[in-house]
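Trainee: I have a structure to look through and would like to learn how to read its features. Could you take me through it?

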Amino acid sequence: MRLAASIRNVTKDYRLDGETVHALRGVSFDVPEGDYVAIMGASGSGKSTLLNLLGCLDRPTSGEIILGQDNVAELDDDMLSRIRASRIGFIFQSYNLIPQLTVLENIEVPLYYQGRLGAKERQRCRELAEMVGLGNRLRHRPTQLSGGQQQRVAIARSLINDPYFLLADEPTGNLDSVTTDEILELLQSLNDAGKTIIMVTHEPDVGNRTKRIVRLLDGKVQSDRRIRNDEGRNSNDEGMTNAGIRMTKE
């Protein structure tokens, strides 16, 4: 079993108004490739802190976070930036789209900043837009899209570098129930095709759509419960392949 991420005895402390806040207190668990994990817990339990550490946006006070063969806690800022760009796809509650850009241009943004936006890459962006159901919206801007459509753009953008895993921060938090179901179906299809997903959510109905719930309480793992082991919902795999999307790393 190969691991997408391994969190080993991780702590994170902050100084706030002269006092030390212990956000994480010895958190440990592994995320195998192809898993679909919900990180849940009350406000202040450490969910956002853990997501920031997994996304290489912050460093632990102690412990190890292993992505591939790298302990990211020991890497410098340049290496962390490269890992964020190449191994991690981010999906945010607020979508984080650039309003002046079209759907296609928003998907292209990560490649633009890496200086590798050629004809082949642009075609891949179009294929991703088609895959998330926005092939007929390529020239639309975010203000011309519904919330669910904007989140689909964000999901397509998160896949452009074929990351090791997706980090989703309350991806349905701004959506109504019908659109929430559509986005969760899309995430499920990505996981069915092999993509590892780690999602923070406070909604039990959303967490129960994953394979596993890791619940935090006061900076510690309160429970780690596997909901299901899917052998197959593979009905979407053919569509992914036809779109030219390779969902797992070699």
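Trainee: Is Phe90 buried or exposed?

Mentor: Phe90 is buried, because its relative accessible area is 18% (buried means under 20% relative accessible area, exposed over 50%, and partly exposed in between, with a 1.4 Å probe and protein chains only). Phe92 counts as partly exposed, at 27% relative accessibility. Keep in mind that this is a predicted model, where local features need pLDDT of at least 70 and side-chain atom pairs count only at pLDDT 80 or more, while totals for chains, interfaces and linings use all residues. Residues are numbered from 1 along each chain as its sequence is written, and side-chain values use heavy atoms, leaving out hydrogens and water.

Trainee: How many aromatic pairs does the structure hold?

Mentor: A pair of aromatic rings is described by the distance of the centres and the angle of the planes. Rings of Phe, Tyr and Trp (its six-membered ring) pair if their centres lie within 6.5 Å; planes under 30 degrees apart count as stacked, over 60 as edge-to-face and the rest as tilted. The structure holds 2 aromatic pairs. Phe90 and Phe92 form a stacked pair, 6.0 Å centre to centre with 5 degrees between the planes. Tyr112 and Tyr113 have ring centres 5.5 Å apart and planes at 75 degrees, so this pair is edge-to-face. Tyr112 is exposed at 58% relative accessible area, and Tyr113 is exposed at 65%.

Trainee: Which strands does S4 pair with?

Mentor: Helices (H or I, at least four residues) and strands (E, at least two) are DSSP runs, numbered from the N terminus, and two strands pair if DSSP finds at least two bridges between them. Strand S1 (residues 3-16) is joined to S4 (residues 62-67) by 4 bridges, and the two run antiparallel. Here Ile7 stands opposite Ile65 in S4. S4 is also joined by 2 bridges to strand S5 (residues 70-71), again antiparallel, with Leu67 and Asp70 as bridge partners. S4 and S5 form a hairpin with 2 residues between them, and Gly68 in the turn has a positive phi of about 65 degrees.

Trainee: What does Asp70 in S5 form a salt bridge with?

Mentor: Side chains of opposite charge can pair when their charged atoms come close. A salt bridge is a side-chain nitrogen of Lys or Arg within 4 Å of a carboxyl oxygen of Asp or Glu. Asp70 meets Arg87 in a salt bridge of 2.6 Å, N to O. Arg87 lies in helix H2 and Asp70 in strand S5, so the pair ties together parts that are 17 residues apart in sequence. Arg87 counts as buried at 17% relative accessibility, whereas Asp70 is partly exposed at 22%. Arg87 also lies over the face of Tyr164, at 5.6 Å from the ring centre (a charge sits over a ring if NZ of Lys or CZ of Arg is within 6 Å of the ring centre and within 35 degrees of the ring normal).

Trainee: How many salt bridges are there by this rule?

Mentor: The count comes to 12 salt bridges. One of them joins Asp35 and Arg226, with the closest N and O atoms 2.8 Å apart. This pair links distant parts of the chain: Asp35 is in the loop between strands S2 (19-32) and S3 (36-40), and Arg226 is in strand S10 (residues 220-226), 191 residues apart. Asp35 is buried at 4% relative accessible area, while Arg226 is partly exposed at 36%.

Trainee: Which residues are linked with Asp35 in a network of salt bridges?

Mentor: Arg212, Asp224 and Arg226 are linked with Asp35 in that network.
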